[in-house]
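Work through the exercises below with the model open beside you. Try each task before reading its solution.

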Amino acid sequence: MLTDEAYQRIKELILDQKLAPGQKLTYGDLGKRLDMSPTPIINALYRMEHEGFVSSVPFKGFYVRKIGLQEAWELFGVREALETYIVEQVILVAQPGDLDLLEQKFAAHAAYRPDVYDRRRFMLDSEFHIQLARLSRNEALVQQLLTTFEHFYIRFRFSRMSLDRLQSSVDEHRQLIDRIRRKDINGSRDAIRNHIHNARNHIIQILSDEAAPDKRPVRPLAQRAPAMAKV
């Protein structure tokens, strides 16, 4: 269907950074880019709004949604719930040789060392986690995790990420694999939780800095967490 095609191609434009978070999406511009009539584009945008990738403002149009502090906190909470369960399931159901696939994803992520933290680096990191989810042999978990990562693919500006996360994330992945190989359920859960918390804190600090362009001191996360976690 044309709506499905428009949906995928608009996502690709955002992924390729040809449309930026916060940018207005006009039917005319998208029609020219996609060589499509307005109807499938409008339908695709409404679908993307329902899924949280774009937002609409009455009488103004659609915009690529930026990730805010509250939503980032919630997405990492979803990841923590999913992945602490995933590692337990992997230890219980993994077959001989399964972890070799995870080692391949680990090696690809560790080997890519860009001069700036870019989307490819993030995608290689997420592929490691998706492969881990696949080893649980639970497709529902895989799809939920994919959706969570997709929101960051599309709506976060990775150029603000620190290169310090390059090595620390590799070390954290290595520790996780080693604990899974030892069938250490509690240790594996602690390792994935620590990894997710470190990534969350880094991204929350970036978003806090963007929300405070005058660079006033931001309260420590430990003080801020309860209010942000509140529903």
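**Exercise 1. Classify the packing of helix α1 against α7.**

Step 1. Helix α1 covers residues 2-15, and helix α7 covers residues 139-155. Helices are DSSP runs of H or I with at least four residues, strands are runs of E with at least two, and both are numbered from the N terminus.

Step 2. The angle between α1 and α7 is about 60 degrees, and their axes are 8 Å apart. Axes are lines fitted to C-alpha atoms, for helices over the stretch in contact, and angles run from 0 to 180 degrees between N-to-C directions.

Step 3. That angle makes α1 oblique to α7. The classes are: under 35 degrees roughly parallel, over 145 roughly antiparallel, 65 to 115 roughly perpendicular, the rest oblique.

Step 4. Lys11, Ile14 and Leu15 of α1 meet Glu150, Tyr153 and Ile154 of α7. Contact means heavy atoms within 4.5 Å.

A note on the source: this is a predicted model, in which local features need pLDDT of at least 70 and side-chain atom pairs count only at pLDDT 80 or more, while totals for chains, interfaces and linings use all residues. Residues are numbered from 1 along each chain as its sequence is written, and side-chain values use heavy atoms, with hydrogens and water left out.

**Exercise 2. Classify the α5 and α6 packing, then place Gln131.**

Step 1. Helix α5 (residues 98-111) packs on α6 at about 170 degrees, with the axes 9 Å apart. So α5 is roughly antiparallel to α6.

Step 2. The contact residues of α5 include Leu101, Leu102 and Lys105, and those of α6 include Phe128, Gln131 and Leu132.

Step 3. Gln131 belongs to helix α6, residues 119-134. Setting aside residues up to four places away in sequence, Gln131 touches Leu101, Leu102 and Lys105.

Step 4. Is Gln131 buried or exposed? Its relative accessible area is 13%, so Gln131 is buried. The cut-offs are under 20% for buried, over 50% for exposed and in between for partly exposed (1.4 Å probe, protein chains only).

**Exercise 3. Describe the surroundings of Leu132.**

Step 1. Leu132 also sits in helix α6. Its relative accessible area is 0%, so Leu132 is buried.

Step 2. Beyond neighbours within four places in sequence, Leu132 contacts Ile86, Val87, Val90, Leu102, Leu176 and Ile180.

Step 3. Leu132 and Ile177 are 45 residues apart in sequence, yet 9.6 Å apart in space, C-alpha to C-alpha.

**Exercise 4. How are α4 and α9 arranged?**

Step 1. Helix α4 (residues 69-93) and helix α9 (residues 185-211) pack at about 165 degrees, with axes 9 Å apart.

Step 2. The two helices are therefore roughly antiparallel.

Step 3. The crossing of α4 and α9 is right-handed. A crossing is right-handed if the near helix is turned clockwise from the far one by less than a right angle, and left-handed if anticlockwise.

**Exercise 5. Analyse the aromatic pairs.**

Step 1. The structure holds five aromatic pairs. Rings of Phe, Tyr and Trp (its six-membered ring) pair if their centres lie within 6.5 Å; planes under 30 degrees apart are stacked, over 60 edge-to-face and the rest tilted.

Step 2. Tyr46 and Phe62 have ring centres 5.2 Å apart and planes at 85 degrees, so this pair is edge-to-face. Tyr46 is in helix α3 (residues 38-50) and Phe62 in strand β3 (residues 61-64), 16 residues apart.

Step 3. Phe62 is buried at 3% relative accessibility, whereas Tyr46 is partly exposed at 48%.

Step 4. Phe122 and Phe149 are also edge-to-face, at 5.9 Å between centres and 65 degrees between planes. Phe122 is in α6 and Phe149 in α7, so the pair ties together parts 27 residues apart in sequence.

Step 5. Phe122 is buried at 7%, and Phe149 is buried at 1%. Both belong to one aromatic cluster with Phe76, Phe152 and Phe156.

**Exercise 6. Which residue lies over the face of Trp73?**

Step 1. Arg200 does, at 4.3 Å from the ring centre. The criterion is NZ of Lys or CZ of Arg within 6 Å of the ring centre and within 35 degrees of the ring normal.

Step 2. Arg174 lies over the face of Phe106, at 4.8 Å from the ring centre.
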